[in-house]
Amino acid sequence: MQARNNKIRRYVKALVGSLAKAKTRKEAKAQMSNFFALVKRRGDTKFLQACLVGVQNEYKAKGKKVVEMVSAAPLSLTTQKKALSILKPKGFGAITVRVNPQLLGGIAIFLGNEYLMDGTLREKLYRMFL
Amino acid sequence: MEKDFIIELLQKQIQGANLKPKAEEIGRIVSVGDGIVSIEGLANAMFSEMVLISSWPASLNQPPVAALVLNLQEYLVEAVVLGDDVKVREGDVVKRTGQVLSVPVGEALLGRVINPLGKELDEKGKLSKEGLSSSPLERNAPSVMAREPVNTSLATGIKVIDATCPIGRGQRELIIGDRQIGKTALAQDVILNQLNSPAKTRPICIYVAIGQKASKVAKLIRDLESRGAMEYTVVVAATAADSAALWYLAPFAGCTIGEYFRDKGKDALVIYDDLSKHAWAWRQIALLLKRPPGREAYPGDIFYLHSRLLERAAKLSKEQGGGSLTALPIVETQLGDVSAYIPTNVISITDGQIYLEPELFFKGQRPAMNIGLSVSRVGSSAQTKAMKKVASQLKLELAQYQELAAFAQFSQDLDEATRKRIDRGARLTELLKQDQYAVMPMEEQVCSLFAGVAGFLDEIPVHKVLAFEQKLLELLRNLHPDILEDIRKTQDFSEDTQKKLQLIIEQVRKEFI
C-alpha cells in the first residue's frame, strides 16, 4: 500500500514539476502525452487516476500547504480572512473550514498534515482529566 | 451545597492545569495492520521515539495508544503499536512525545509484577511514584574502563553449578536446553537461593517472562511469594497473549530495572526466559516492517539484538560504584541442536553456558546438566576458597568417570583402580542430584561434596547416597552448626574444620554401609 502511495507521489511530483516548466499550452499538452506514454511503458496505468487527482490537489494548493480550520460553530468570513493573512506569509495556501459540534467550543488548526494547534474546549477538558 | 462543592472541585482542577493551546507536531495514520502503523507526517520523528495515537477529537473513554517508531522512510514513518491496535483507525492523529521509550525503575518495584511498559499486572495497587524514576529502555553498555573483572560468587544453591560451573556477579551465563528440561526451574532455584545470602549483599532478582504461558508465570510468582523470595524480586511479564512488541521490549525493560540497582552500587540478577521467543518476536516485527530477511528469516541485526542486551550485564569498577548486573539468559533448543542460529549467537556472546541434556533428564539426573559441555569462562575466580578446595577434585573425578562410563556395564572385568574410579564417579554423580526448591547454601555444599571427593561414600550403595547426605546435613545443622558457621564466615575450609567434619562423616557413614 505504501509502495503504491509513494509511487503516485513521485509521479505527481514529477508531472507538476515538468508542467511548471511548460511555457505554452502546446508544450503542456506535449508534456502530458509524454507522461501518459511513460506511465504506460512502466506498466502503471492503474495509478493514472490517482496521479491526476494528486495533480489536481497540488494545483489547488498551488504548491503550498493546506490549512484546515475546525471549529465548534461556523466561522465568520472575517475570522477566516484574518487567519489567511497570518498564515499566507508563512507559506500556507488555501484554507478549508469544517464545523464539528463535538469540539464544544474554540478552534483547532491543522497546518498541512504536520502541525496541530488545538485550542478547543474539548481538548482542554481532555488535558485536565486525563 | 452540592453544586458549590462540584464547582469548587472543578475550579481546583482548572487552576492546576496548563490549558494554553500548543502547536504539536502530528502525523496521520494511513494504514494499520498486524500491529504496525504507517504514519504520514512526523517529519522530525526520532528512531525509537514514543508516539501517541488517538482519534481526533480525542475521547476520555479511549486513552491514546502508544507506539514505538522503528522505521523512518522518505514519506512515511512506521511504528509498532504497544497496545491494542484494534482501536487504531486510518486517519487517527499521531502526536510525538519527544521521548524515547522509558520504564519506571526504583525500589518501589520490588515485589511487583509489571509489563514491559511499567503497567502493574498484580493487584497490589498503583505503583507509588515516590520510589520511582524513569529510565530509557535502550542504554549504552558500560565502557571497558568502567568495568572490573568478575570476582564475587553468585551462589545458585545448586551443587553441580556451584562446584563445576560457578557463576560470578556480573557474568552472563546461558542456560540452554530442550523444552521441559528444567531451565526455568533452575533459574527459579537461583532466585530462591538468594534467601540464603545476608540481606546486605543479597542481589535484587528480576525475572523477565517472554512469551511464557500466563499460568506458568502465575505459578512461579506464587512459589516465590510462598517462600518469601518476592521481597527482593521484580517480575516483568510479556506473556503469550501479549503482542510481539511487548515480547520484544520485555528483556530491555528487565535490564533497565536491573541497571538501576547496578548503578547504585548494588548487585542485581536478571533472568531472561527465554531469548528464543525474543528472537521470534523481533523476526515478526522486522518482517512486518519489510526489512530484508536473512538466515532462517531473521533480520540481519538479530545478533546485535542480543549482544547489546547482554553487554549491559557487567561488574562495575569501584570508581563506578562496584555494583553488578548478572544475566542468566535462557535459550530453548530443538532436539538438542546447540549449533542452530540463535543458540550459537547467544553462546558466543555469553561468558559460558549450562547445557541441560534430555538424556540425563530421563535417566533421572536432575538438574540434567552435562558437565562436559557446560562451561563458565569466569571459572574459579567466582568461587570461594572453600568450594575451590572440593570442586577441583570433583571435576577431575567426574571427568575420569565420564571417560570410563562406557565400561561401567563391564565392571566385573575391570582392574581394581578402574572399578574404584567408576564406583566413585557413580556416587559423585548421584550426589549431584538435587530436587527442585531444595537449594543448598555454600557451606552445606562444601560439606556434602567433601564427603564425596574424600572417598567416604565409596562403600555406601549408590541409591543410599542422597539419604546419607540428608542425614549428614541434618546432623551438622542441629548438633554441629559451628562447622557450617566457620565455613560461612571464613569462606574457607581449613584443615581443622576438615578433621572435625571427617569425624562426623565417619559417624553417619556407619549407618549406611
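User: Before the details, what counts as a contact here, and which share of the contacts in chain B with a separation of 6 or more comes from residues 24 or more positions apart?
Analyst: Two residues are in contact if their C-beta atoms, placed from the backbone, lie within 7 Å. The model is a predicted one. Among contacts in chain B with a separation of 6 or more, the share from residues 24 or more positions apart is 72%.

User: How many helices and strands does chain B have, and what percentage of its residues count as buried?
Analyst: The C-alpha atoms of chain B fill a box of roughly 90 × 60 × 45 Å along the principal axes. Chain B has 15 helices and 16 strands. Of its 513 residues, the part that counts as buried is 46%.

User: Which element of chain B gives the largest share of the side that touches chain A?
Analyst: The interface involves 25 residues of chain B in contact with 24 residues of chain A. On the chain B side, α1 (2–16), β1 (23–33) and β2 (36–41) each supply at least two residues. The largest share, 8 residues, comes from β1(B).

User: How many nonpolar residues are on the side of chain B that touches chain A?
Analyst: That side has 5 polar and 5 charged residues. Its count of nonpolar residues is 15.

User: In which sense do β4 of chain A and β1(B) pair, parallel or antiparallel, and which residue stands opposite Y115(A)?
Analyst: Strand β4 of chain A covers residues 115–118, and its pairing with β1(B) runs over 3 bridges. The sense of this pairing is antiparallel. Opposite Y115(A), in β1(B), stands E25(B).

User: Is G452(B) buried or exposed?
Analyst: G452(B) has its place in helix α12 (residues 442–453) of chain B. A residue is buried if 20 or more other C-beta atoms lie within 10 Å of its own. G452(B) has 26 other C-beta atoms within 10 Å, so it is buried.

User: Which residues is G452(B) in contact with, leaving aside its neighbours within four places in sequence, and what distance separates its C-alpha atom from that of K315(B)?
Analyst: Leaving those neighbours aside, G452(B) is in contact with R427(B), L428(B), L431(B) and L457(B). K315(B) is 137 residues apart from G452(B) along the chain. The separation of the C-alpha atoms of G452(B) and K315(B) is 34 Å.

User: Where does P57(B) lie, and what is the peptide bond from W56(B) to P57(B), cis or trans?
Analyst: P57(B) lies in the loop between β3 (49–54) and β4 (65–72) of chain B. Omega of the bond from W56(B) to P57(B) is near 0 degrees. The bond is cis.

User: What is omega for the bond that joins R366(B) and P367(B)?
Analyst: P367(B) is found in the loop between α9 (358–363) and β16 (375–376) of chain B. The peptide bond joining R366(B) and P367(B) is cis, and its omega is about 5 degrees.

User: What is phi of L104(A), and how exposed is this residue?
Analyst: L104(A) lies in the loop between β2 (92–99) and β3 (107–111) of chain A. Although L104(A) is not a glycine, its phi is positive, about 75 degrees. With 15 other C-beta atoms within 10 Å, L104(A) is partly exposed.

User: Is L42(B) buried or exposed?
Analyst: L42(B) is found in the loop between β2 and β3 of chain B. Its phi is near 50 degrees, a positive value in a residue other than glycine. L42(B) has 23 other C-beta atoms within 10 Å, and therefore it is buried.

Key:
Residues are numbered from 1 along each chain as its sequence is written. Chains are lettered from A and ligands numbered from 1 in the order in which they are written. This is a predicted model: local features need pLDDT of at least 70, side-chain atom pairs count only at pLDDT 80 or more; totals for chains, interfaces and linings use all residues. Helices (H or I, at least four residues) and strands (E, at least two) are DSSP runs, numbered from the N terminus. Ala, Val, Leu, Ile, Met, Phe, Trp, Tyr, Cys and Pro count as nonpolar, Asp, Glu, Lys and Arg as charged, and the others, Gly among them, as polar. Two strands pair if DSSP finds at least two bridges between them. A residue is buried if 20 or more other C-beta atoms lie within 10 Å of its own, exposed if 12 or fewer, and partly exposed in between; C-beta atoms are placed from the backbone.
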